[in-house]
Amino acid sequence: MSRYLGGGVFCGENDSSKAAAFGVPQYCNENGQVVLSFGSPEYIGLGFSVIAMSTLLQFFGSPFLKSTFIFWGLLFGCFMAAVCSRTAGAGDLVTCDAEPTAPCNGGFAAAVPGKAYSYYSGNAVNSAPAVTFLWVETFELGFAIEYFLPLLIGFFISSAETVGDIGMSYIASELPTEEGVSDLNSRIQGGLLADGLNSLIACLFTSPPNTTFSQNNGVIALTRCASRSAGFSCAFWLILFGVFGKVGGLFTSIPICVVGGMVLQLFAMVFVSGMKMACTNMTRRNSFILMLSLGLGLGVAFEPHLFEGGIHIYIYIYIYIYIYIYIYLRLYIYLVI
């Protein structure tokens with residue numbers, strides 16, 4: 001989540017290695033026309049504008065605004081990105097579409113000194129079709145055996161994650177865990193079936209597969225809204241936005257640092273909800289589950305290059321699968337039993 005806030009996941013993951021190898025920072029190109037190094041104060045400031053607006057709404061907003069503060073915070077961050085600009089200096093870089101006549105090298109172009117560049121770019125909206133639909137581009141059906149095992153591992157991990165996500169949404173919705181074991185099992189079975197079916201349909205629609213999203217649990221906990229009608233409404237609007245290409249282009253134009261201000265709150269709420277669930281009954285077993293989850297989860301997050309010191313990639317994958325399966329199965333046992 002901090003990588004979004006610093007300017008983008010790609011430049012965040014490659015910043016340390018690039019700085020060590022070449023002595024220069026990694027530049028980010030997912031924030032409008034402006035290109036800055038990862039963690040620049042300008043990116044952090046735009047991300048925190050979302051958090052600032054969310055905080056103000058929690059203090060002074062009406063019940064409606066408090067429940068929908070994520071939307072208003074994101075909207076305010078987009079507004080700040082649109083009205084703010086950065087005057088380029090000598091040696092500064094911008095995205096290639098900001099200076100289409102300048103030479104493009106590695107996705108960047110030289111900025112014109114003294115010219116103001118915006119943190120919001122409307123090129124995605126302008127280039128998007130007004131209306132689009134399925135099968136605008138088709139591919140020949142085939143089966144690549146070399147990708148079967150990696151995809152199988154990915155779906156296996158995703159299934160374990162789905163169990164934890166659905167269990168957490170059950171807790172965040174304040175549904176009974178002691179008397180509603182059968183209802184929870186039914187929800188988990190339905191969620192796993194929906195993931196598989198949706199991913200199958202997505203392949204036929206020439207789009208990537210999909211799975212549950214942990215941040216939705218944070219949305220439930222923050223907005224206190226767990227209505228199924230709200231979920232169906234979101235699905236309807238997402239499908240509608242997918243049909244109208246201009247609307248989709250509008251969403252893809254949001255600077256990634258602004259998205260980071262929103263994602264930071266949602267991920268943190270997921271963490272708080274998990275702590276609340278784990279600390280409800282602090283037995284020896286639950287303490288061990290919490291210790292292992294925090295130790296491995298936060299440890300790898302703080303040191304992402306932990307397993308890159310010569311360890312074979314397949315060994316790392318097996319360790320990663322074991323960690324995921326163990327933690328989520330233990331959480332599943334905790335929720336059901």
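Which helix has the lowest mean pLDDT among the elements of the chain, and which the highest? Keep that in mind as you color by confidence, for this is a predicted model. Select residues 313-336 and you have helix α14, with the lowest mean pLDDT at 56. Now select residues 69-83: this is helix α5, where the mean pLDDT of 90 is the highest. For the chain as a whole, the average pLDDT is 78, and 77% of the residues score at least 70.

**Stop one: the sheet**

Show strands β1, β2, β4 and β5. Together they form an open sheet of four strands, in the order β1-β2-β4-β5, and the pairing is antiparallel. Look to the two sides and you will find the edge strands, β1 and β5 (108-110), each pairing on one side only. Next, zoom in on strand β2 (residues 34-37) beside strand β4 (residues 93-95), an antiparallel pair held over two bridges. Turn on side chains here and pick Val34, which stands opposite Val94 in β4.

**Stop two: the helix on the sheet**

Bring helix α3 into view. Helix α3 packs on the sheet and touches β1 and β2. Compare directions and you will see that α3 makes about 110 degrees with β2. While you are there, click on Thr55, which belongs to helix α3 (residues 41-60). Is Thr55 buried, partly exposed or exposed? Its relative accessible area is 36%, so Thr55 is partly exposed. If you then draw a distance from the C-alpha atom of Thr55 to that of Phe69, you should get 8.6 Å, although the two residues are 14 apart along the chain.

**Stop three: the disulfides**

Select every cysteine and show the sulfur atoms. How many disulfides does a search of the whole structure find? It finds two. As a reminder, a disulfide is a covalent bond between the sulfur atoms of two cysteines.

Start with Cys11 and Cys28, whose sulfur atoms are 2.2 Å apart. This pair links distant parts of the chain, 17 residues apart: Cys11 sits in helix α2 (residues 9-22) and Cys28 in strand β1 (residues 27-28). Rotate to look along the S-S bond: the torsion is about 95 degrees, so this disulfide is right-handed. Switch on a surface and check both ends. Cys11 counts as buried because its relative accessibility is 2%, and Cys28 is buried too, at 1%.

Move on to Cys96 and Cys104, joined by a disulfide with an S to S distance of 1.9 Å. This link is right-handed as well, with 70 degrees about the S-S bond. With the surface still on, pick Cys104: its relative accessible area is 48%, so Cys104 is partly exposed. Counting bonded cysteines along the chain, the disulfides follow the pattern 1-2, 3-4.

**Last stop: two cysteines without a disulfide**

Finally, select Cys225 and Cys234. Which cysteine sulfur is nearest to that of Cys225? The sulfur of Cys234 is, at 8.3 Å, and Cys225 is in no disulfide. The view from the other end matches: Cys234 is in no disulfide either, and its nearest cysteine sulfur is that of Cys225, 8.3 Å away. Check the surface once more. Cys225 is partly exposed, with 38% relative accessibility, and Cys234 is also partly exposed, with a relative accessible area of 47%.

Methods: Residues are numbered from 1 along each chain as its sequence is written. This is a predicted model: local features need pLDDT of at least 70, side-chain atom pairs count only at pLDDT 80 or more; totals for chains, interfaces and linings use all residues. Side-chain values use heavy atoms; hydrogens and water are left out. pLDDT is the predictor's confidence in each residue, from 0 to 100. Buried means under 20% relative accessible area, exposed over 50%, partly exposed in between (1.4 Å probe, protein chains only). A disulfide is a pair of cysteine sulfur atoms within 2.5 Å. Two strands pair if DSSP finds at least two bridges between them. Contact means heavy atoms within 4.5 Å. Axes are lines fitted to C-alpha atoms, for helices over the stretch in contact, and angles run from 0 to 180 degrees between N-to-C directions.
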